[in-house]
Amino acid sequence: MRIVIAGGHGQIALRLERLLAARGDEAVGIIRDPGQRDDLRAVGAEPVVLDLESATVEETAEALRGADAVVFAAGAGPNSGTDRKDTVDRGAAVLFADAAERAGVRRYVVVSSMGADADHPGDEVFDAYLRAKGAADAYVRSRTALDWTILRPGMLTNDAGTGQVLLAASTGRGPVPRDDVAAALMELLDTPATAGLTLELTSGNVPVMVAVKDIAGN
């Protein structure tokens, strides 16, 4: 498969790209900073330089043409303000969804956040982040031309992955290693029957592959 990943230099994206490349898939990472190209090549991914905050739908669609699936894993980052939560965490996700439709790519997997809600109250930057992610998720769910799956991980850690997770419509709060999030994303990409599902993910005691097959009803 050819998989195009927005936010290709992110910690989860780099792990996913490495997994995809290791099994022979074409992993393409969209990055804003040309200086990150070698990091993507080092994990076996093809870098594409494109700023999703300023690109048009058509420019973005060009990067997606020929893909079997796309993953939105971009984020403004922990040190960004409320404005960039809107332009990246919401705006870029909307752009990427529109571009996927334009390019004829149906499979669209989103890395969201537990607690994402367009109506989330509060004035802190993290509150704005949850609103932006919630609004993006709502937009993606409205696109009937996309076979979308939304994954909402719990608290992300850099602990080594265990390969054991809890995946459900609602899991309750808990941590999850980024390694296991990447592994879950790869299984979701392989499981079209998860289209139309919004799922939460934390560490658990079920192997990733089994957890995804169970939630898909396979």
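The following exchange asks how the descriptions of this predicted model rest on their definitions.

Author: This is a predicted model, in which local features need pLDDT of at least 70 and side-chain atom pairs count only at pLDDT 80 or more, while totals for chains, interfaces and linings use all residues. Residues are numbered from 1 along each chain as its sequence is written, and side-chain values use heavy atoms, with hydrogens and water left out.

Reader: What makes the radius of gyration of the chain agree with that of a compact globule?

Author: The radius is taken over C-alpha atoms, and the globule rule is 2.2 Å times the number of residues to the power 0.38. For 218 residues a compact globule would have a radius near 17 Å, and the chain has 16 Å, so the value agrees with the rule. Along its principal axes, the C-alpha trace spans about 45 × 40 × 35 Å.

Reader: How many helices and strands does the chain have, and how are they defined?

Author: Helices (H or I, at least four residues) and strands (E, at least two) are DSSP runs, numbered from the N terminus; by this assignment the chain comes to seven helices and eleven strands.

Reader: Why is Val28 called buried?

Author: Buried means under 20% relative accessible area, exposed means over 50%, and partly exposed lies in between, with a 1.4 Å probe and protein chains only. Val28, in strand 2 (residues 26-31), has 1% relative accessibility and therefore counts as buried. Setting aside residues up to four places away in sequence, Val28 touches Arg2, Ile3, Val4, Ile5, Glu46 and Val48, where contact means heavy atoms within 4.5 Å.

Reader: Why is Thr157 buried, and what is Thr157 in contact with beyond its neighbours within four places in sequence?

Author: Thr157 lies in strand 7 (residues 155-157) and has a relative accessible area of 15%, so Thr157 is buried. Apart from neighbours within four places in sequence, Thr157 is in contact with Pro175, Val176, Pro177 and Arg178. Over the chain, buried residues make up 50% of the 218 residues.

Reader: Why is Lys213 described as partly exposed?

Author: Lys213, which belongs to helix 7 (residues 208-216), has a relative accessible area of 36%, and therefore Lys213 is partly exposed. The C-alpha atoms of Lys213 and Glu17 are 22 Å apart in space, with their positions 196 residues apart in sequence, whereas those of Val28 and Glu17, eleven residues apart along the chain, are separated by 7.6 Å.

Reader: What describes the packing of helix 3 and helix 4, and which residues meet there?

Author: Two packed helices are described by the angle between their axes and the distance between the axes. Axes are lines fitted to C-alpha atoms, for helices over the stretch in contact, and angles run from 0 to 180 degrees between N-to-C directions. Helix 3 (residues 57-64) and helix 4 (residues 82-103) pack at an angle of about 60°, with axes 8 Å apart. Val57, Glu58, Thr60, Ala61 and Leu64 in helix 3 meet residues in helix 4, among them Leu95, Phe96 and Asp98.

Reader: Where does Gly7 lie, and what is Gly7 in contact with beyond its neighbours within four places in sequence?

Author: Gly7 lies in the loop between strand 1 (2-6) and helix 1 (11-22). With neighbours within four places in sequence left aside, Gly7 is in contact with Ala13, Ile30, Ala73 and Ala74.
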